[in-house]
Amino acid sequence: MSGAGQLAVGWAVRFRGEPPSPDTLRRHVRARLADLPTLTHRVEEGPGSRPCFVPVPEIDPREHVHELVTTDPWKRWHSCLQDVLARPLPAGHRPPWDLWLIHGYGDGTGAPEYVLVFRIHHALEDGAGHHYVLRTLFTPRIAPQRSRRPTGPVSAPAEGGGRVSSRAVLGIAGDVARSLRGSGSWAVLRRPPTGKLVTAVGTAATRRLVALSRALDTDISVVFLTALTGAMRAVAVAEEERPAPLALLWPLTVRTGGERGAVGNYLTMVRLRLPCAEPLPLRRLAALSRQLEAGRVERRMRTSRALMRRAPLPMSLGTLRLLMRPRHASLTGTYFPAALPQPALGEARLDGALGLGAPLPGQLCHLTLLRYRSECTLSVVHDTAFARGADLPELWLAALAELEAAV
């Protein structure tokens, strides 16, 4: 994830147990490659800047699976990620992904543990694809899901379709129109990117977010965004800016059940309006609930899936590029619940996970809330030009407490 243009995304997980040797981990990955088509393709630019996937017949795990031994006495496992995130992905003839084994951190007094960090070029894989890789690597074998179009464009899923909603089409058209006008104020988010990305992490108990969402008759994604709205309002106040509505890109998957592990980025984007000018947390929640009403989201997903399959390829790719313009929204955020039945690697058990996003070119910040068992982990990947990004996990937790107090 070095530089804003690389778009390296993925995950980091912690295992409790003795770390494997690098060669053992490489053999494990090689044994699963047949079920992981995203790891056996590279991206090339085709005609008209159209990205295409090219299969790589021979993969040498030594070029992708690496070890990093550190003796720094970090108190939290999240703190050991930065050395990896600053490195470039494999390039040239090699598929653009890597897997890092990190161990040796801590004071040596606790039980042994280690961290695995997986990164891949975003063109090859989206959030659902990350989950498939994680599940395939560390749970019992599941049926392979190969890409039906291994040399197809990045954002063009395979054949299929669905009904088109006129309301959803109007929503897409409105988002495209807003992408041409820009995202408004927020000078703190319009600074030129430095290209150097750093991370900040915060955690909340899953039971806490579940209880709050039930008390408010909503879901965790709305609770997440309501607290994020409060956090960004606090950023504006700290920067001596007047809090104003803030546009955020919210990815929606258009994958079908048979495309769980398929190569490519199967996403559409929705532009949400964070009501940061609103001082009352329950009114923020109400505004976001209207935007993420279940029927509205389902219509958008179904319509986007149908249009991406039926529309001419230049039109579907051009629309998606407009939706992802940084002028369209200053932030990207996503919520993902990870379902992993008894994940393990040898005798070690997986007991912590976080998602690693990347700001889109021109953006300064990407936020992921990943739910895994007892914890929901907020990971903020931000350009150093947005120094307040380092404060967002703490501000988010403070806004979450404010929302709880209002119930």
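Pro361 turns up in the loop between strand E12 (348-356) and strand E13 (365-372); strands (E, at least two residues) and helices (H or I, at least four) are DSSP runs, numbered from the N terminus. The model here is a predicted one, so local features need pLDDT of at least 70 and side-chain atom pairs count only at pLDDT 80 or more, while totals for chains, interfaces and linings use all residues. Residues are numbered from 1 along each chain as its sequence is written, and side-chain values use heavy atoms, with hydrogens and water left out.

With a relative accessible area of 43%, Pro361 is partly exposed, a label for values between buried (under 20%) and exposed (over 50%), using a 1.4 Å probe and protein chains only. Its C-alpha atom sits 8.2 Å from that of Leu7, although the two residues are 354 apart along the chain.

Now for the aromatic rings. Searching the whole structure gives seven aromatic pairs, where rings of Phe, Tyr and Trp (its six-membered ring) pair if their centres lie within 6.5 Å; planes under 30 degrees apart are stacked, over 60 edge-to-face, and the rest tilted. Phe224 and Trp250 make a tilted pair, at 6.3 Å centre to centre and 40° between the planes. This pair links helix H6 (residues 220-238), home of Phe224, to strand E8 (residues 246-253), home of Trp250, across 26 residues. Phe224 is buried at 1% relative accessible area, and Trp250 is buried too, at 7%.

Phe224 also pairs edge-to-face with Trp396, at 6.2 Å and 70°. Because Trp396 lies in helix H10 (residues 392-406) and Phe224 in helix H6, this pair ties together parts 172 residues apart in sequence.
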